[in-house]
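Okay, thanks for making time, everyone. Let me put the structure up on the screen and then I'll talk you through it.

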Amino acid sequence: MQTRTSPIDLVAPAGSLAALKAAIEAGADTVYLGLKNATNARNFAGLNFTEADIRAGVELAHRHNRHVLFAINTFVQAGRMAEWQAAVDAAHDLGADAVIMADPGLLAYASDRYPDLRLHLSVQGSATHTDAIELMKEQFGIRRVVLPRVLTLTEIARICANVSVEVEVFGFGSLCVMAEGRCLLSSYATGDSPNNKGVCSPAHAVRWVEEDGRMDARLSGILIDRYEPGEPAAYPTLCKGRFEVDGQADHALEEPTSLNAIGLLPKLAEMGVSAIKIEGRQRSPAYVTQVVSTLRAALDSVHADASRFSPRPEWNAMLARHAEGSQVTQGAFERPWK
Amino acid sequence: MEMTQIPFQISVGPLLYYWPRQRTMDFYAAVAESPADIVYIGETVCSRRHELRADDWLELARDLRAVGKTVVLSGRTLIETGAEASALKKLCEQQDFMVEAGELGAVRHLSGRGFVAGPHVNAYHGGTLTWLANRGAVRFVAPLEMDGPTLEQLLRERPAGMQAEVMVWGRMALAFSARCFTARHFRLKKDDCGFRCIEHPDGLDMRTRESREFLGINGIQVQSAACLDLLAEAPELAGMGVDVLRVSPQSAGTLEAIAALDATRRGVKPDAVSPPAGIGRCNGYYYGHAGIGLQEAAA
């Protein structure tokens, strides 16, 4: 296993030029962004970058010696390869430091066309173990893999010890309880999924219906959750709704919680993890500022002396403010359901 | 009126549920007698399930081959632990049977020899099909969420000689997790789950709070509660150039679905096929809608 000497990269989401600036000011080493179309997994209205925004953002980031990654991480739909190729061409031409991709056919295009372009395998690429990751390295020369949020620390440690690419893991943000890149729940309910449209539980399918003080959250008419008067309501992300199993109504798949791995940073550093990613290109610049500066402080503390690291209460309090349902979990990392 | 014959092969997908050993053996004995051409077998969902062990599946594979079936061994869809990765490697190293890759690790092991790229490998366009064919894939199973016109386009983009397979019947596996949802429902730990999934031969129904049929829980899988039904679309699919139509095993109706497809390809009007009692039907993906939707085929 390689002993890590360089500091861990803090990778921040940028859904807009304002968020990108916020991330850089708050101390992100790297920002990731997407184009304004279905080629990335946060294809939301009002979000993402025009070409002019990207030029300004890349210029700003590079002036501060930070990196910009382009997420082109949905799956190319048959007959529409030109759109995804154009996105890769744009990323290359606009000065991307790396491109985050999931689709093997598109990775083939990028590695053939731009042999010098740095490629990262997106979490949507669903490479969950060494053989899958090494295949992507052998075939497309990926330099980094973003690991799915379904893996435990033990599994991440084994991957870090055995792969020949850098490893990036999620440190904070909304939690996918399903293996990313292979979840069709959203398209089953609405027709649109992360793979085919770059969306999950899309806003256009959401309806809030109030009746007798009770609030129903529906997705294409399907009741995802129902809130009694005074009960805090959450966005109806399909897997986080309450459903009936054997007549028992519950969060059958997952509670609305967010991932918070801040307490695990020294362990992740020791394993040789290269980068910590913050989820949330759909979130506001204020979220970016506060979450990035919190993780910046934590990472600086780990880099200064990992053995004396302990997460400060104010860090966790700040992150909890930005968590879904104000709940945080270490997710699969600690495998609480084992 | 003279009925024309429509050439396509019928496959039986891997059994996604945990059935008692005898029930599993009885099911495959019936499949052996059925007109299915290709049978995919193996435990693809949970490495804790043990009613049939790896060697038992191999023995079953030999039995099915002996009666003339083409047998393909299916690999797991989600690999997490080192033990799972090792088991997958071993499966891919055996040379007696072709393997269906459920994920990219299997593609690495199988490179250079013929294999089937399963429905969760995400072959959405010709570029990926070409890559898979170059690795050795002889057939791919189309993504479940693909609509008809996109499938037709995908078939136009496929490399020469590569076969296409489409799932046409059964509950669809929609998502995979590190967590076992069956164990979660029973408030059990995943590693001490009591194998409660053996009690649910079609998975556990997960309904909305208005009691509408929605999803199904099968261990680490989330499935469609409704049974995919593209049996009536079989001639159209075959006409597009789909080589193999897949039936995914359920507790009832599976053999009837195989028989219906066989009737269709012989040019005989098939009997109606019902999913297991209490389970609805869906085919929305094919028609460009939400997967849960149902549209009857044009007469």
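**Where the two chains cross**

Let's start at a helix pair: the axes of helix 4 of chain A and helix 5 (residues 126-135) of chain B come within 7 Å, with a crossing angle of roughly 85 degrees. Since angles from 65 to 115 degrees count as roughly perpendicular, that is the label for helix 4 of chain A and helix 5 of chain B. And before I go on, keep in mind that this is a predicted model.

Which residues meet at that crossing, from helix 4 of chain A and helix 5 of chain B? On the chain A side you have P104(A), G105(A), L106(A), A108(A) and Y109(A), and on the chain B side G127(B), T128(B), T130(B) and W131(B).

Stay in chain A and move along to its own helix 5, residues 130-140. Is that helix enclosed or open? Eight of its eleven residues are buried, so the rest of the structure largely encloses helix 5 of chain A. The buried ones are T130(A), D131(A), A132(A), I133(A), E134(A), L135(A), M136(A) and F140(A).

What do they pack against? Within chain A, the buried residues of helix 5 pack against helix 4 (104-113), strand 5 (119-121), strand 6 (144-146) and helix 6 (153-162). From chain B, helix 3 (82-93) and helix 4 (104-110) join in. Then, right after helix 5 of chain A, you get G141(A), which has a positive phi, near 65 degrees.

Okay, zooming out to the chains. Chain A has eleven helices and 15 strands, while chain B has nine helices and twelve strands. For the 338 residues of chain A, a compact globule would have a radius of gyration near 20 Å, and chain A comes out at 20 Å, so that agrees. For chain B, with 299 residues, the expectation is near 19 Å and the value is 18 Å, which agrees too.

If you prefer box dimensions, the C-alpha trace of chain A spans about 60 × 55 × 40 Å along its principal axes. For chain B, the C-alpha trace spans about 60 × 50 × 35 Å. Buried residues are 55% of chain A and 56% of chain B.

On contact order, for those of you who think that way: in chain A, take the contacts with a separation of 6 or more, and 64% of them are between residues 24 or more positions apart. In chain B, among contacts between residues at least 6 apart in sequence, 66% join residues at least 24 apart.

Chain A is also split into domains: domain 1 is 9-175 + 257-334, and domain 2 is 185-250. Their C-alpha centres sit 27 Å apart. The contact between them uses 13 residues from domain 1 of chain A and eight residues from domain 2 of chain A.

Now the nonpolar core. The largest one has 211 residues, and the members touching the most others are A23(A), V31(A) and I72(A). Which element gives this core its largest share? That would be strand 7 (residues 163-176) of chain B, with ten residues. The core also draws at least three residues from each of domain 1 and domain 2 of chain A.

Take I72(A) as an example. Setting aside residues up to four places away in sequence, I72(A) touches T39(A), N40(A), W84(A), A87(A), V88(A), A91(A), V99(A), I100(A), M101(A) and L106(A). You've met L106(A) already, at the helix crossing with chain B.

Two single residues to finish, one from each chain. R246(B) is in strand 11 (residues 244-247) of chain B. Is R246(B) buried or exposed? R246(B) has 26 C-beta neighbours inside 10 Å, so R246(B) counts as buried. Beyond its neighbours within four places in sequence, R246(B) contacts S11(B), G13(B), V141(B), E165(B), V166(B), M167(B) and V168(B). R246(B) and Q9(B) are 237 residues apart in sequence, yet their C-alpha atoms are 8.6 Å apart in space.

And from chain A, P285(A), which lies in helix 10 (residues 285-304). With 19 other C-beta atoms within 10 Å, P285(A) is partly exposed, because buried takes 20 or more. Its contacts, again leaving aside neighbours within four places in sequence, are A18(A), A19(A) and A22(A). P285(A) and K137(A) are 148 residues apart in sequence and 34 Å apart in space, C-alpha to C-alpha.

That's what I had; over to you.

Terms used:
Residues numbered from 1 in each chain as written. Chains lettered and ligands numbered in written order. Predicted model: local features only at pLDDT ≥ 70, side-chain atom pairs only at ≥ 80, totals over all residues. Buried ≥ 20, exposed ≤ 12 C-beta atoms within 10 Å, placed from the backbone. Helix = DSSP H or I, 4+ residues; strand = E, 2+ residues; numbered from the N terminus. Contact = placed C-beta atoms within 7 Å. Rg over C-alpha atoms; globule rule 2.2 N^0.38 Å. Core = buried A, V, L, I, M, F, W, Y, C linked by C-beta atoms within 7 Å. Domains from an automatic or database assignment. Axes fitted to C-alpha atoms, helices over the stretch in contact; angles between N-to-C directions. Parallel < 35°, antiparallel > 145°, perpendicular 65-115°, else oblique.
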